[in-house]
Amino acid sequence: MSDLFAYTDGACSGNPGPGGWGALLRAMDGETVVKERELKGGEKDTTNNRMELLAAIHALESLARPSKITVVTDSAYVKNGVTGWIFGWKKNGWKTAAKKPVKNVELWQRLDAAQARHDVIWKWVKGHAGHPENERADELARAGMAPFKKGG
């Protein structure tokens, strides 16, 4: 039995601007890495929050079968949204407490559907603080953004 982790990150050059997302998926047996997979992508004109959401979405959508997984993000927006705010948004017809439309609603709905297939534990880590897997996810996000930057 292995434990499954997804370390996700988003990056943006300017906000909005060219952006990228990255995910490092790891199957672990205790302290031993059994299998590893890297995912990345980007967009020409986007925001950091959209890239953070897409990193988590792609990590969950990439799993072939329902799984127990821990998603580790450095985005309080993603973590707080998916573990808290989303319940009120859904109850309010995807409106905020202030009755305004939820920003990035199509991505939140996609993340909600992606996580529904799995048993997900959400964890937050401080970004750019030397967490090795978070740093790898950040590198993947920057690589995903590279083709969309000027001269990329």
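Q: Strands in this predicted model are DSSP runs of E, at least two residues long, numbered from the N terminus. Which strand holds R26?
A: The sequence alone does not settle this; the strand assignment does. R26 has its place in a strand. That strand spans residues 17-29 and is β2.

Q: Is R26 buried or exposed?
A: The cut-off for buried is under 20% relative accessible area. R26 has a relative accessible area of 11%. That value falls under the cut-off, so R26 is buried.

Q: How many of the 13 residues of β2 are buried?
A: R26 is one buried residue in β2. The strand as a whole is mostly covered. The count of buried residues in β2 is twelve.

Q: How many salt bridges does the model hold?
A: The test is a side-chain nitrogen of Lys or Arg within 4 Å of a carboxyl oxygen of Asp or Glu. Side chains of opposite charge can pair when their charged atoms come close. By this rule the number of salt bridges is eight.

Q: What N to O distance does the salt bridge of R26 and E36 have?
A: The two side chains meet in a salt bridge, with N to O at 2.5 Å. The partners come from distant parts of the chain, R26 in β2 and E36 in β3 (residues 32-46), ten residues apart. The same side chains also make a polar contact. The distance asked for is 2.5 Å.

Q: How exposed is E36?
A: Buried means under 20% and exposed over 50%. E36 has 36% relative accessibility. That value lies between the two cut-offs, so E36 is partly exposed.

Q: Which residue joins its side chain to R26 in a polar contact of 2.8 Å?
A: R26 touches several residues beyond four places away in sequence, including D3, L4, F5 and V33. K35, E36 and R136 are also among them. The side chain in the 2.8 Å polar contact is that of E133.

Q: Which residues are linked with R26 in a network of salt bridges?
A: R26 has a salt bridge to E36. The network does not end with that pair. Besides R26, its members are E36, E38, E133 and R136.

Q: Which residue of β3 is the bridge partner of G22?
A: β2 and β3 run antiparallel, with twelve bridges joining them. A23 in this pairing stands opposite L39. The bridge partner of G22 is K40.

Q: Which residue takes a positive phi in the hairpin of β2 and β3?
A: This hairpin has two residues between the strands. The positive phi is near 65 degrees. The residue that takes it is G30.

Q: Which residue of β2 does A6 stand opposite?
A: β1 and β2 run antiparallel, joined by ten bridges. Their hairpin has four residues between the strands, and G14 there takes a positive phi near 85 degrees. The residue opposite A6 is L25.

Q: Which two residues does a cis peptide bond join?
A: Most residues other than glycine have a negative phi, and most peptide bonds are trans. Here omega is about 10 degrees. P16, in the loop between β1 (3-12) and β2, is one of the two residues. The bond joins N15 and P16.

Q: What phi does K99 have?
A: K99 lies in the loop between α2 (76-91) and α3. K99 is exposed, with a relative accessible area of 61%. K99 is not a glycine, yet its phi is positive, at about 65 degrees.

Q: What is the relative accessible area of H128?
A: H128 is found in the loop between β5 (119-124) and α4. Its phi is positive, about 55 degrees, although H128 is not a glycine. H128 counts as exposed because its relative accessible area is 56%.

Q: Which helices does the salt bridge of E106 and R50 link?
A: The two side chains meet at 2.7 Å, N to O. The partners are 56 residues apart, in distant parts of the chain. E106 is partly exposed at 39%. R50 is in α1 (residues 48-61) and E106 in α3 (residues 105-116), which makes the linked helices α1 and α3.

Q: Which residue forms a salt bridge with D138?
A: The closest N and O atoms are 3.1 Å apart. Both partners lie in α4 (residues 132-145), four residues apart, about one turn of the helix. D138 is buried at 8%, whereas its partner is partly exposed at 43%. That partner is R142.

Key. Residues are numbered from 1 along each chain as its sequence is written. This is a predicted model: local features need pLDDT of at least 70, side-chain atom pairs count only at pLDDT 80 or more; totals for chains, interfaces and linings use all residues. Side-chain values use heavy atoms; hydrogens and water are left out. Buried means under 20% relative accessible area, exposed over 50%, partly exposed in between (1.4 Å probe, protein chains only). Two strands pair if DSSP finds at least two bridges between them. A polar contact is a pair of N or O atoms within 3.5 Å; within protein, one must be able to donate a hydrogen and the other to accept it, and residues adjacent in sequence count only if both atoms are side-chain atoms. Contact means heavy atoms within 4.5 Å.
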